[in-house]
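Work through the exercises below with the sequence and the coordinates open. Each task is followed by its solution.

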Amino acid sequence: MNFLIVVLLVVTAVAMFAYRHFLDDILDINLGEYPYVVASADSVDGGTSAITMTRTDSSVVIEYELREGYAYPYVGIKIYLGDGKFQGLDLSNYDSLFVWLKPRNEGSVRLYMRGYDKALYRKNDETSLKFNEIEFTPTREPYPAVFVPQEFRVAGWWVAQNEINVHKARVDLSNIPLIEIQTGTNAPLGYGGMEINRLRFKGKKISQVDLVTTLVALWFVTFLIILIIRFFDYSRERAINKKKQEELKKNLRALEIEKSEYEKSSKEDPLTGCLNRAGFSGVLLREQEKLNRTGLPVSFMIFDIDHFKEVNDTYGHLVGDEVLVNLAKLVQSMIRNTDSLVRWGGEEFVILSDETSIQNAAFLAEKLRKAIETTTLIKQQQVTCSFGVTEMVPGEDPKSFIARADKALYSSKESGRNRVTVATFRRSH
């Protein structure tokens, strides 16, 4: 029986390690090699814009002239997936989309994931494919630009034009026969161009929920078998002792649960459910050891609520607590499972992000800042936050990078609040 538990422990460890390092599911569309790519322009809608498309070994290059003649002039490319008609590719299981795109000039770009829905599709009418869209400015994104499915939305004009029921107007990536990349809303008229190298969809071959469910079921079945064996053994040999032993096990399990709950409560902030400083210390030690061992970047972000004292003084501490709880929920929903959100004290929070450069941390901080600014955390007033971002340095005393981030936060406050300030490490001479 002990052997079974050891085997299960090994299987669980191997499964979790494999999930983290070897079970990536990656779909690459290298446009230089992909055959089903065509140029498109607003001429199909009565516009006069012109486009030429050429291929290199590794990319598709378009040269274009946006001209007046259509209300929203555009040009772009179409990438047909699957059979190009009804049966596309199921992209719903991927959690990240990487886009290698270099523009020649400023302006936004639209990326459409065109979805097939049998109930909405009209025969030989490509416009009835659902427009799951995202619009971004390439010069303001990292290269490659990275997006998650939650950032897509269904185009409002398409919903209105096709009189789509609100329950059907949801993002659905389960059948995508067509991807389009077009010039965006604020693309300037005149000559321009862009080079698109490839698209990459990244996810896991098995979802985390399925993996955990399988492991839990395996453990459950194994323990059930063990309990049955013990039941028959004790029935034959120790009928009296069996009852006492089972009672002892029951009490032991209750104590373990109580201990586990106590340990958990001692490391969590009771109001927001975030880690507290005690819980953060273990995470920090682990990330410092990993940083010293691997050299992979670790970013440290500190932020607090602007004018929080005024909220408490004006509306009371219950409303202040509501701000803290809702802020923690919003931030937790936007960071990775591997990131650690900590209530640092009062209205201050910390995010520790492993394998994250200071540039990506600054990008995340700006994303969080905008989301907080535009989200109704309490009905009484708008809430904003100020951020200080830095990156840990191998062998650095925690007091040093915490002070550096705190100084950056102070700078954000001094500069008017509701902003992000980045502090880089500078060696003293």
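Three exercises follow, on cysteines, a strand residue and a helix pair.

This is a predicted model, in which local features need pLDDT of at least 70 and side-chain atom pairs count only at pLDDT 80 or more, while totals for chains, interfaces and linings use all residues. Residues are numbered from 1 along each chain as its sequence is written, and side-chain values use heavy atoms, with hydrogens and water left out.

**Exercise 1.** Determine how many disulfides (pairs of cysteine sulfur atoms within 2.5 Å) the model has.

Solution. Start from C274: its closest cysteine sulfur belongs to C385 and lies 12 Å away, too far for a bond. From C385, the closest cysteine sulfur is that of C274, again at 12 Å. The count is therefore 0 disulfides. As to burial (under 20% relative accessible area is buried, over 50% exposed, in between partly exposed, with a 1.4 Å probe and protein chains only), C274 is buried at 3% and C385 is buried at 0%.

**Exercise 2.** Place S40 and list its contacts (heavy atoms within 4.5 Å) beyond four places in sequence.

Solution. S40 sits in strand β2, residues 37-41; strands are DSSP E runs of at least two residues, helices H or I runs of at least four, numbered from the N terminus. S40 is buried, at 11% relative accessible area. Its contacts are I51, V75, G76, I77, K78 and E180.

**Exercise 3.** Identify the residues through which α7 and α8 meet.

Solution. Helix α7 covers residues 317-334 and helix α8 residues 358-374. On the α7 side the residues are L327, L330, V331 and M334; on the α8 side, L364, K367, L368, A371 and I372.

Notes: Axes are lines fitted to C-alpha atoms, for helices over the stretch in contact, and angles run from 0 to 180 degrees between N-to-C directions.
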